[in-house]
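Open the model in your viewer and follow the selections below in order.

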Amino acid sequence: MKKMLLVSAILLMPCLSSAATLTTYTNQAAFEAATSTSTYDFNSDANGSFTSKDFGDFTATLQNPYSGFLGTYKPSIYNQALKLQKKDEASALEISFDSTISAFGFNWENTDWTGDAIEVSILGQNFVFGPNRQSGFFGITSDTLFSTALLGDSVGSNEFLFTGTLDNFQYGNVSAVPIPAAAFLFAPAMLGFMGLRRKAKKLVV
């Protein structure tokens, strides 16, 4: 019986240790229906640039700052929103949450005129969204918990993202985490093994 349990566990391990599955949303209502989140709207934050700022449940820190003839280009709070201003491809704003989450979304606007889009990286997976002269919503849910997200200029674009504005951060967890299909097969298989074991014992007697 122990050997059967060991074999079954080994067969199930690939299903449980697969790479994180991230789902993206551009429909805010659909994202909100699938998650349970808190919202941070930046309304109480004073205007001004920063390299690192604590917003309560999360901290925003500039990574690989880019400097030019006007000095170091920093993110800022402006008109009750967060601006990703004048970043190059190596620069990013790291959002570090105090607790692990599985859902993160926000409203965005891109007024950049050089053709650059906005990029977010979570659990090593990159997503490009927010083309220039447009606005909308972008959200991500994950089957693996995470605590950081990198926001910045999309790789391979034109020089730098001049202005990308983010607002109304929504962060928390998916409403219900689905059980992998393999898990549903695992329990019946184990019951079957146990039944065969009992039958074998009776035949021996």
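Is Ser-147 buried, partly exposed or exposed? Select Ser-147 in this predicted model: its relative accessibility is 29%, so Ser-147 counts as partly exposed, because that class runs between the 20% limit for buried and the 50% limit for exposed.

Extend the selection to strand 13, residues 134-153, which holds Ser-147. Next, show what surrounds Ser-147 beyond four places in sequence: the contacts there are Ile-95, Ser-96, Phe-97 and Thr-100. Draw a distance from the C-alpha atom of Ser-147 to that of Ile-95; the viewer should give 8.2 Å, for two residues 52 places apart along the chain.

Now go to the largest nonpolar core, a set of 32 residues. Select Phe-58, Phe-104, Phe-106, Val-120 and Phe-169, the members that touch the most others. Colour by element next: two or more core residues come from each of strand 5 (58-63), strand 9 (82-88), strand 10 (92-110), strand 11 (118-122), strand 12 (125-129), strand 13 and strand 14 (160-174). Strand 10 contributes the most, 7 residues.

Stay in the core and centre on Phe-106. Setting aside neighbours within four places in sequence, Phe-106 has contacts that include Phe-129, Phe-137, Leu-151, Leu-166 and Phe-169.

Finally, colour by pLDDT. The protein averages 82, and 73% of its residues reach 70 or more. Select residues 2-17, where pLDDT stays under 50 and the model has 10 contacts beyond four places in sequence. Then select residues 181-186, also under 50 throughout, with 7 such contacts. Coordinates predicted at low pLDDT should not be read in detail.

Note on methods:
Residues numbered from 1 in each chain as written. Predicted model: local features only at pLDDT ≥ 70, side-chain atom pairs only at ≥ 80, totals over all residues. Heavy atoms only, no water. Helix = DSSP H or I, 4+ residues; strand = E, 2+ residues; numbered from the N terminus. Buried < 20%, exposed > 50% of the residue type's maximum accessible area, 1.4 Å probe, protein only. Contact = heavy atoms within 4.5 Å. pLDDT = per-residue confidence, 0-100. Core = buried A, V, L, I, M, F, W, Y, C linked by side-chain atoms within 4.5 Å.
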